[in-house]
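Me: Please take a close look at one kinked helix in this model, and then follow the helices, the charged pairs and the surface patches from there in one connected account.

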Amino acid sequence: MAVLLCKLGRFSYRRKWLVAGLWAAVLILAGVSASRAPAPPPDDFSVPGTEVQQAYDLLDERFPSLDADGATARIVFRTHEGKMTDAAPRRAVEETLGKLSKAPQVGQVTDPYTAKSVSRDGSTAYAQVSYEVPAAEVSDSARNTLIETVEDARTPGLTVEASGNAVAGSKEAGHSSEAIGLAVAAVVLVITFGALIAAGLPLLTALLGVAVGVCTITALADPLGLSGTTSALATMLGLAVGIDYALFVVSRYRDELVRSRTREEAAGLAVGTAGSAVLFAGLTVIIALCGLGVVGIPVLTKMGLAAAGTVVLAVLIALTLVPALLGMAGERIGPARVRRRRLRPRAGAPAGENGADGERAARPGLGVRWARLVTRRPLAVLLLGVAGLATLAVPAAQLELGLPGDGSKAESTTQRRAYDLLADGFGPGFNGPLLTVVRSQDGGDARGAAQRVATRIGDMDGVATVTPPRMNEAEDTAVLNVVPTSGPDSEQTADLVHTLRDPGLEQDSDARVLVSGTTAMNIDVSQKLSDALVPYLTLVVGLAFLLLIAVFRSLLVPLKAALGFLLSIVAALGAVVAVFQWGWLASLLGVAEPGPVMSVMPIFMIGVVFGLAMDYEVFLVTRIREGYVRGLSPREAVLSGFEHSARAITAAALIMISVFAGFVGSDEQMIKTIGFGLAIAVVLDAFVVRMTLVPAVLALLGHRAWRLPRWLDRITPNLDVEGEKLHTQESPGEARPSPYGGPVRSDDAERPTPVNGAREPVTTPPATDGSAATPPGAGRHV
């Protein structure tokens, strides 16, 4: 694999203008397609096979007049003095509704006085505005007219607010979230590379990949039903992995230039080594995202596939466009600088210890010093890290799931204010009515059955009101609204849904009773996610485990990677619960109303974080194994891996954190929650699990970490991620000086180190447990 990617890197370097031109053509094609595409549809949380979906399908069939595709808005009026039936408030309402009836794309406006939508105390009233087009097709002029009409109707004695999907797109969120993440990423890249051109290259390629991905999603949004949220998530993930993948290739290219390679050869070796890690890291992300399809929720499947497509673009750009741009930059991107410090000569020190000039020597980087600290006390570090993650994970045990609504929006929005006015005037359950569908069985009396159902429901605890049944033209199906006494997210409302679904209600009424609505959908979605969680984890972790066995030629290293992921994801979910459900630091992070976590958030977060966790695992551990297969002891291999990758991994993690954290400022609760969850997950996985627990575990395992059972060793291809075949000038058993001389740990006893630190030729003894330690250069290279 490394040889093939090396050839691809050298080809892209030589034919730089051809490669760059092809990517420019792809961008232009995607941009033109996006410019001609209609607006994306809103999020569709339909769940095939659930009772809620069955109810909606039955309504579409039996009640075509109740077309739910058209956009709607609810205008809420609240008088400060008197009642809404008084002359002055009534005149203001009629004037407002008269203007709205003439607004663009409006089909119908209901009168609250004839529709009896005035609260019992007379302080609040609402009117329903129905549009002739779906929410995605409501024009900007129609939205602006709606908002302006509402604002003009407000007086010192009358409060007017609006809610509904016709209002949702009236405020542009802008691109401040992406801008913040890119600004931080630019600073991190400049510090990492110390050069503007080298730092700007990953940013340029990531932006290109995101632009192509988002334009493609926009072009396919209408035929495939991809919402605007899908584009936002693809942008979030595409920026993060796009910058990181390019960063690793550029960083390896500069390392190869230190070895006096020609620039074309350095580009080829960078793609052959770091590019191999990028390829397999990207594959783990793609597997995790595509695996979301097993959940059976279309919106989640679409989000996963769209984000996976953006990751594919990021991998292709890192393997082709990055080396081409390196060729264009030429000598403007130089080799990595070796940090040195002045040393005082030590009396009696062996020759060469004080450096070639006796004055200066290479200074170990912070990553090497950190790895030395961890591997010096690996068991204590492991226990401390696991205990810390377990503590953060405690809130996850109280995770509650729900769907976003107007009640979760910021109090500064008109939708949230309308939600509160309706709750005060009509009761907390008014914002979450349960739409109940009653269908006669075997040609029975549907009207009589619907009346019996309405009577039974009206006598139940937790029911505020039940509307009279409304029959369809065929007189075989009825609908009625059940308004609970409790709010949409309360446990009492959920208990009421279970009571309505009791088979006894159907038996007594001799009819089929289906319950739908937001609360009922929450219950069905949560159940669907719970049922799919184990199959999803089994599929994703199982496939990635097999892939990592081939990458690392080990059983214990992939097992360690999976267990580390579980620790980081549960801890990150605990942090999400503490902030968004319990309200810790809610005001600081702009959480308007603590409440249940978005239903699709946990499993989507699991898919994304698993892929990102494997990114760092592959980038770090391939460098560690590269040192091991070249003759270093296990501890020295860990130090070598950190010397060459810690700085780049730290920069990559900081970039991902900044990109994800930038989306915490979004007005969309779903985007805000996912941005925070992914940011905290990367913090925990990159710095606690991969940079701390991984070296501790590898130090404890020693040579055992790199052993593979003989039967599995024979059938597992060696993918040569470390690029061992690219270094044919070095013999596998050739003695190499160790830059990490010093006392030999007990787990390094199989490979004794001479006093001067040089490595002797090593022949790995056969393992007594029937496993095979992979010697340098062993296996079949593909």
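Reply: Helix α9, which spans residues 263-290, has a kink of about 40° centred on Gly275. The model is a predicted one, and this bend, like every other value given below, is computed from it. Helix α9 is mostly covered, with 22 of its 28 residues buried.

A second kink, of about 35°, is found in helix α22 (residues 669-701), where the centre is Val689. Of the 33 residues of α22, 28 are buried, so this helix is largely enclosed by the rest of the structure. Just after α22 comes Gly702, which takes a positive phi of about 65°.

Positive phi values also turn up at residues that are not glycine. Most residues other than glycine have a negative phi. Gln105, however, has a positive phi of about 70° although it is not a glycine, and its place is the loop between α4 and β2 (106-109). Arg553 likewise has a positive phi, of about 50°, without being a glycine, and it lies in the loop between α17 (518-552) and α18. As for their surroundings, Gln105 is partly exposed, with a relative accessible area of 25%, whereas Arg553 is buried, with a relative accessible area of 0%.

The helices on either side of these loops also carry charged pairs. Side chains of opposite charge can pair when their charged atoms come close. The count of salt bridges in the model comes to 19, and three of the individual pairs can be described here. In helix α4 (residues 87-101), Glu94 and Arg90 are 4 residues apart and are therefore separated by about one helical turn. An α-helix has 3.6 residues a turn, so residues three or four places apart point the same way. Glu94 and Arg90 form a salt bridge in which the closest N and O atoms are 3.7 Å apart. Glu94 is partly exposed at a relative accessible area of 45%, and Arg90, at 33% relative accessibility, also counts as partly exposed.

A second pair, Glu626 with Arg252, forms a salt bridge whose closest N and O atoms are 3.1 Å apart. This pair links distant parts of the chain, since Glu626 is in helix α20 (residues 601-629) and Arg252 is in helix α8 (residues 228-258), 374 residues apart. Both Glu626 and Arg252 are buried. The two belong to a network of salt bridges that links Arg252, Glu256, Glu626 and Arg630.

Helix α20 also holds one partner of the third pair, in which the side chains of Glu617 and Lys560 meet in a salt bridge with an N to O distance of 2.5 Å. Here too distant parts of the chain are linked, with Glu617 in helix α20 and Lys560 in helix α18 (residues 556-581), 57 residues apart. Glu617 is buried, with a relative accessible area of 0%, and Lys560 is buried as well, with a relative accessible area of 11%.

Another pair of residues that are far apart along the chain is Leu421 and Ala125, which are 296 residues apart and whose C-alpha atoms are separated by 9.4 Å. Leu421 lies in helix α13 (residues 414-426), and at 12% relative accessibility Leu421 counts as buried, the cut-off for that term being under 20%.

On the surface, two patches remain to be described. One of them is nonpolar, has an area of about 340 Å², and is made by Leu8, Phe11, Leu18 and Leu22. Helices α1 (2-14) and α2 (16-35) each supply at least two residues of this nonpolar patch. Leu18 has its place in helix α2 and is partly exposed, with a relative accessible area of 45%. The other patch carries negative charge, and in it Glu400, Asp489, Glu491 and Asp495 gather on the surface. Glu491 lies in helix α15 (residues 491-500), and with a relative accessible area of 60% Glu491 is exposed.

Definitions and conventions:
Residues numbered from 1 in each chain as written. Predicted model: local features only at pLDDT ≥ 70, side-chain atom pairs only at ≥ 80, totals over all residues. Heavy atoms only, no water. Bend = angle between axes of the 7 residues up to and from the residue. Buried < 20%, exposed > 50% of the residue type's maximum accessible area, 1.4 Å probe, protein only. Patch = residues over 30% accessible without salt bridge, like charges linked within 9 Å, V, L, I, M, F, W, Y side chains within 5 Å. Areas by Shrake-Rupley, 256 points an atom, 1.4 Å probe, with all protein chains shown as cover. Salt bridge = Lys/Arg side-chain N within 4 Å of Asp/Glu carboxyl O. Lys, Arg positive; Asp, Glu negative; His and termini not counted. Charge placed at Lys NZ, Arg CZ, Asp CG, Glu CD.
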